[in-house]
Amino acid sequence: MRPLALLLALSSLLLVAPADAKERHKPCARKGSHTVKSTKLVRVYEVPNADGGDTLVGCLRSNDKRRVLAKGYDDDLVTSGVYDHVRVAGRFVAWQFTETDVSCKADCPPGYDPTTVHLSVRDLRRKGRVMVDGEIAAGGRLVLTTGGAIAWSESDPAKAIKTFDGAGERTLDTGD
């Protein structure tokens, strides 16, 4: 009688275990990650990388598919790259990436600008991303639509509101 009771107890555990395991899995979960933005469709998170920065990852919850969006880095000497202004709308993610390279130090050519800034948009359902030169003004904003279009306030050369969509980059307004 004891072997039968043991067999019944073990079989009940086997029936319960897969359901518990399935309940514990959360789409786009990653141990050691830090959520940057989260919606019911998308989770954007960062994880530390070996280059002295964090890696920005976007994940579409419907298929648990992860895409690396940007890799921050810093050699603590002459080069660094950081992302900020992360936005999510629908299945799209947008962010600003700033790179600095002062490796030429005193030998830099006249007019050399060690900092480059661009804005990126990524559709998490597709490969590739779209990049546009632009820098969000101090205190400015980056806006993203569910269709993947972006608009931002830029301070250089004149205060301007710019946009980038399927028609390309355009200036919507300038001035104070």
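**Figure 1. Aspartate 76, an exposed residue in the loop between E5 and E6****.** In this predicted model, aspartate 76 has a relative accessibility of 68% and therefore counts as exposed, the threshold being over 50%. The residue belongs to the loop that runs between E5 and E6. Its phi is near 60°, a positive value in a residue other than glycine.

**Figure 2. Aspartate 64 in the loop between strand E3 and strand E4****.** Strand E3 spans residues 54-60 and strand E4 spans residues 65-71, with aspartate 64 in the loop between them. Although aspartate 64 is not a glycine, its phi is positive, at about 60°. The relative accessible area of aspartate 64 is 22%, so the residue is classed as partly exposed, a class that lies between the limits of 20% and 50%.

**Figure 3. The open sheet formed by strands E5 to E9****.** Five strands make up this sheet, in the order E5-E6-E7-E8-E9, and their pairing is antiparallel. The edge positions are taken by strand E5 (73-74) and strand E9 (130-133), each of which pairs on one side only. Within the sheet, strand E6 (residues 79-89) and strand E7 (residues 92-101) run antiparallel and are joined by nine bridges. Glycine 81 stands opposite glutamate 99 of E7.

**Figure 4. Surroundings of histidine 118 in strand E8****.** Strand E8 comprises residues 115-123 and includes histidine 118. With a relative accessibility of 11%, histidine 118 counts as buried, because that class takes values under 20%. When neighbours within four places in sequence are left aside, the contacts of histidine 118 include Trp95, Gln96, Phe97 and Glu99. Met131, Val132, Asp133 and Gly134 are also in contact with histidine 118. Of these partners, Glu99 is the residue that stands opposite glycine 81.

**Figure 5. The disulfide of cysteine 28 and cysteine 59****.** The sulfur atoms of cysteine 28 and cysteine 59 are 2.1 Å apart. The link between cysteine 28 and cysteine 59 is left-handed, with -75° about the S-S bond. This pair connects distant parts of the chain, 31 residues apart: cysteine 28 is in the loop between helix H1 (2-24) and strand E1 (34-38), whereas cysteine 59 is in strand E3. Both cysteine 28 and cysteine 59 are buried.

**Figure 6. The disulfide of cysteine 104 and cysteine 108****.** A search of the whole structure finds two disulfides, and one of them is formed by cysteine 104 and cysteine 108, with their sulfur atoms 1.8 Å apart. The angle about the S-S bond is 90°, and the link of cysteine 104 and cysteine 108 is right-handed. Cysteine 104 has a relative accessible area of 21% and is therefore partly exposed. Cysteine 108 has a relative accessibility of 27%, which means that it also counts as partly exposed. With the bonded cysteines of the protein numbered in sequence order, the pairing reads 1-2, 3-4.

**Figure 7. The largest pocket and its lining****.** The largest pocket holds about 200 Å³ of space. Its lining consists of 10 residues, and those nearest the centre of the pocket are Thr116, Val117, Asp133, Gly134 and Glu135. Among these residues, Asp133 and Gly134 are also contact partners of histidine 118. E8 gives the most to the lining of the largest pocket, contributing four residues. By class, one residue of this lining is nonpolar, four are polar and five are charged.

**Figure 8. The second largest pocket and its lining****.** The volume of the second largest pocket is about 170 Å³. Fifteen residues line this pocket, and Phe92, Val121, Asp123, Val130 and Gly148 are the closest to its centre. Two or more lining residues come from each of E8 and strand E12 (160-165). E8 gives the most to the lining of the second largest pocket, with three residues. This lining divides into five nonpolar, four polar and six charged residues.

Definitions and conventions
Residues numbered from 1 in each chain as written. Predicted model: local features only at pLDDT ≥ 70, side-chain atom pairs only at ≥ 80, totals over all residues. Heavy atoms only, no water. Pairing = 2+ DSSP bridges. Buried < 20%, exposed > 50% of the residue type's maximum accessible area, 1.4 Å probe, protein only. Contact = heavy atoms within 4.5 Å. Disulfide = S-S within 2.5 Å. 1 Å grid on protein atoms, 1.4 Å probe; cavity = no way out; pocket = protein on both sides within 12 Å on 5 of 7 lines; lining within 4 Å. Points joined across faces, edges and corners; volume = space filled by probe spheres on them. Nonpolar A, V, L, I, M, F, W, Y, C, P; charged D, E, K, R; others polar.
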